Amino acid sequence: MGRGGHLPPGTLPKKAAQIGLLQLGYPEEYGGVPKPDIFFDVVTNLELARIGGGGVHPSLSSHSIGMPPILALGSEAMKARLIPEVISGEKISALAITEPSGGSDVANLKTSARREGDHYIVNGSKIFITSGVRADYYTVAVRTGEAGARGISLLLIQKGTPGFTQTPLDKMGWWSSDTATLYFDDCRVPVENLIGTENKGFGGVMINFNSERLNIAAMANGLAMVCMDEAVAWARERVTFGHRLMEHQVIRHKIAEMAKRILST
Ligand SMILES: Cc1cc2nc3c(=O)[nH]c(=O)nc-3n(C[C@H](O)[C@H](O)[C@H](O)COP(=O)(O)OP(=O)(O)OC[C@H]3O[C@@H](n4cnc5c(N)ncnc54)[C@H](O)[C@@H]3O)c2cc1C
């Protein structure tokens, strides 16, 4: 899908919700569809990769990284308000951890949140955030305490909060996925938007990591299958020097090697 796509903004999440895609793994009390095990995610990732456009699925599923910390640690009121809106495709959820100074070293993040009465005052920026421009709800990792993993908290920050702005990033690929830089400039966030306990947010960040790694691996495998199908179709169709590419032994070897590497992962 090209930049901007062909559907009016916001259409695809609602269509995905109509077939139950966004609800998978969320409790029934919030309108979710229970998921017996993680292999349901693996199959979903493999099949969605077969769209052939890498950005569509991450764009559709930013809630799968934005919402788990809320589901695990958020207050009952927060869950009851947000989850039904997000898994019905009405609202978009995003996760904001990575900063311009680095993403792998999460424990060293710098965006600060200083308590002032009934608010946190947030200052700093986040980068490479999926659904960063179009999201409504952002699960944001901030520093509320000491250096390192024990000084991190998670805040729910809503689009439109004064002092919170977003700019789109122009990527080389994945154009159908909106990726953005976020800026927090004396952004006042109500204390009831704290997700879980202050300074215990690092555990909330870690909740996502195992499933995220497995899902991205499944997506990469699905995309590799698409590439192989395309290569086989082309090798069967294309004729050079009186023969189809597929009739050349070297091409057959290449395709056999591709199949071996994809199927053995
Ligand atoms: C398309 C896209 C979407 C994204 N969506 C989100 C999102 O929604 N939310 C979000 O918070 N982030 C998101 N990210 C950011 C992503 O999580 C980070 O890019 C990632 O964590 C790596 O951080 P970095 O880019 O700052 O690289 P760095 O942390 O600077 O690392 C640079 C390189 O060094 C390697 N490296 C780092 N430390 C070590 C070490 N100790 N030993 C060996 N090698 C090391 C890394 O593997 C990497 O190859 C997205 C990124 C992309 C590209």
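Biologist: Which strand supplies the largest share of the shell around the ligand?

Modeller: This is a predicted model, in which local features need pLDDT of at least 70 and side-chain atom pairs count only at pLDDT 80 or more, while totals for chains, interfaces and linings use all residues. Residues are numbered from 1 along each chain as its sequence is written, and side-chain values use heavy atoms, without hydrogens or water. Strand 1 (93-96) and strand 3 (119-130) each give at least two residues to the shell, strands being DSSP runs of E with at least two residues, numbered from the N terminus. The largest share, three residues, comes from strand 3.

Biologist: Which residue stands at the end of strand 3 and also surrounds the ligand?

Modeller: Strand 3 covers residues 119-130. The residues surrounding the ligand, with a heavy atom within 4 Å of it, include Phe 128, Ile 129 and Thr 130. The residue at the end of strand 3 that also surrounds the ligand is Thr 130.

Biologist: What share of the ligand's exposed area does the protein bury?

Modeller: Polar contacts are pairs of N or O atoms within 3.5 Å, and in one of them a backbone N or O atom of Ile 97 lies 2.8 Å from a ligand oxygen atom. Ligand nitrogen atoms are also contacted, by a polar side-chain atom of Thr 98 at 2.7 Å and by a polar backbone atom of Phe 128 at 2.8 Å. Taken alone, the ligand exposes 980 Å² (Shrake-Rupley, 1.4 Å probe), and the share that the protein buries is 42%.

Biologist: How many bridges join strand 3 to strand 7?

Modeller: Strands pair if DSSP finds at least two bridges between them. Val 122 stands opposite Cys 187 in strand 7, and Lys 126 has Leu 182 of strand 7 as its bridge partner. Strand 3 and strand 7 (residues 179-190) run antiparallel, and the bridges that join them number nine.

Biologist: Which residue in strand 7 is the bridge partner of Thr 165?

Modeller: Strand 6 (residues 164-168) runs antiparallel to strand 7, to which five bridges join it. Thr 165 belongs to that stretch of strand 6, and its bridge partner in strand 7 is Tyr 183.

Biologist: Which residue in the turn of the hairpin formed by strand 2 and strand 3 has a positive phi?

Modeller: Strand 2 (residues 112-116) pairs with strand 3 in the antiparallel sense over five bridges, and Glu 116 has His 119 as its bridge partner in strand 3. The hairpin leaves two residues between the strands. With a positive phi of about 65°, the residue in the turn is Gly 117.

Conventions
Polar contact = N/O pair within 3.5 Å; in protein donor to acceptor, adjacent residues only side chain to side chain. Helix = DSSP H or I, 4+ residues; strand = E, 2+ residues; numbered from the N terminus.
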